[in-house]
Amino acid sequence: MGLFGGSSDRGELLELQTRVGRLEEQVAHLSAALAATRSGGSAPVESAAATDQYAEARALASSGHKIEAIKVVREQSGLSLKAAKDLVETW
C-alpha cells in the first residue's frame, strides 16, 4: 500500500526522493543568501541560468522544442517520462 492509499511504485518513490533532495538544496541556498544579506554582506549574484537547473530545458520548451526539453529534464533530474513531461507542460 502506498503513501496515500494507492499501490506503491518504486519509481515514484525514487522520483519523490530526488525532488525532496533538490528542494533541500534550494532551501539551503536561499538560507545562505538570506544569512549573507542579514549580516551586511551581499548575497552572491548569480545569473538566472546558473541558478535555474532547467534553464536549457526552459529555453527549448519556449522555442517549441518540447520533446528535446523533456529529454534534457530527464537527463538532469532522473525524473520519469511522465513527470518530466508534466513539468515541461507547466512552462
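Helices here are DSSP runs of at least four residues, numbered from the N terminus. With that in hand, the predicted model is easy to read from one end to the other: its elements run α-α-α-α-α. That comes to five helices and zero strands. The chain has 91 residues, and buried ones make up 16% of them.

Helix H4 is a good place to start. This helix takes in residues 66-77, 12 residues in total, and at 1.5 Å a residue it should span 16 Å. The C-alpha atoms at its two ends are indeed 16 Å apart, so expectation and model agree. Next comes the question of which residues of H4 are tucked away. Ala-69, Ile-70, Val-72, Val-73 and Ser-77 are the buried ones. Around the helix axis they cover an arc of only 160°, which means that they sit on the same side of H4. A bit of helix geometry helps here: an α-helix has 3.6 residues a turn, so residues three or four places apart point the same way. Over on the other side of H4, Ile-67, Lys-71 and Glu-75 are exposed. Just after the helix comes Gly-78, and its phi is positive, near 80°.

Helix H5 (81-89) tells a similar kind of story. Its buried residues are Ala-83, Ala-84 and Val-88. These cover an arc of only 130° around the axis, so they too lie on the same side of their helix, H5.

Helix H3 covers residues 55-62, and Ala-55 is part of it. Ala-55 has a relative accessible area of 24%, so it counts as partly exposed, given that buried means under 20%. Along the chain, Ala-55 and Val-72 are 17 residues apart, while their C-alpha atoms are separated by 9.9 Å. Glu-56 also lies in helix H3. At 47% relative accessibility, Glu-56 is partly exposed, because a residue has to be over 50% to count as exposed. Glu-56 can be matched with Val-73, again 17 residues along the chain, and here the C-alpha atoms are 8.8 Å apart. Val-72 and Val-73, the partners in these two comparisons, are among the buried residues of H4.

What about aromatic rings? The structure holds one aromatic pair. It is made by Tyr-54 and Trp-91, with ring centres 6.0 Å apart and planes at 45°, so the pair is tilted. The two residues come from distant parts of the chain, 37 residues apart: Tyr-54 is in the loop between helix H2 (48-51) and H3, and Trp-91 is in the segment after H5. Their surroundings can be compared through their accessibility. Tyr-54 has a relative accessible area of 9%, so it is buried. Trp-91, at 32%, counts as partly exposed.

Tyr-54 turns up again in the largest pocket, which holds about 450 Å³ of space. The pocket is lined by 17 residues, and those closest to its centre are Arg-22, Leu-23, Gln-26, Gln-53 and Tyr-54. Which elements give two or more residues to this lining? They are helix H1 (10-38) and helix H5 (81-89). H1 provides the largest share, with seven residues. Sorted by class, the lining has six nonpolar, four polar and seven charged residues.

Terms used
Residues are numbered from 1 along each chain as its sequence is written. This is a predicted model: local features need pLDDT of at least 70, side-chain atom pairs count only at pLDDT 80 or more; totals for chains, interfaces and linings use all residues. Side-chain values use heavy atoms; hydrogens and water are left out. On a 1 Å grid over the protein atoms alone, a cavity is a set of points where a 1.4 Å probe fits but cannot get out, and a pocket is an open set with protein on both sides within 12 Å along at least five of seven lines; lining residues have an atom within 4 Å of a point. Grid points are joined across faces, edges and corners, and a volume is the space filled by probe spheres set on the points. Ala, Val, Leu, Ile, Met, Phe, Trp, Tyr, Cys and Pro count as nonpolar, Asp, Glu, Lys and Arg as charged, and the others, Gly among them, as polar. The expected span of a helix is 1.5 Å times one less than its number of residues. Buried means under 20% relative accessible area, exposed over 50%, partly exposed in between (1.4 Å probe, protein chains only). The arc is that of the directions from the helix axis to the C-beta atoms. Rings of Phe, Tyr and Trp (its six-membered ring) pair if their centres lie within 6.5 Å; planes under 30 degrees apart count as stacked, over 60 as edge-to-face and the rest as tilted.
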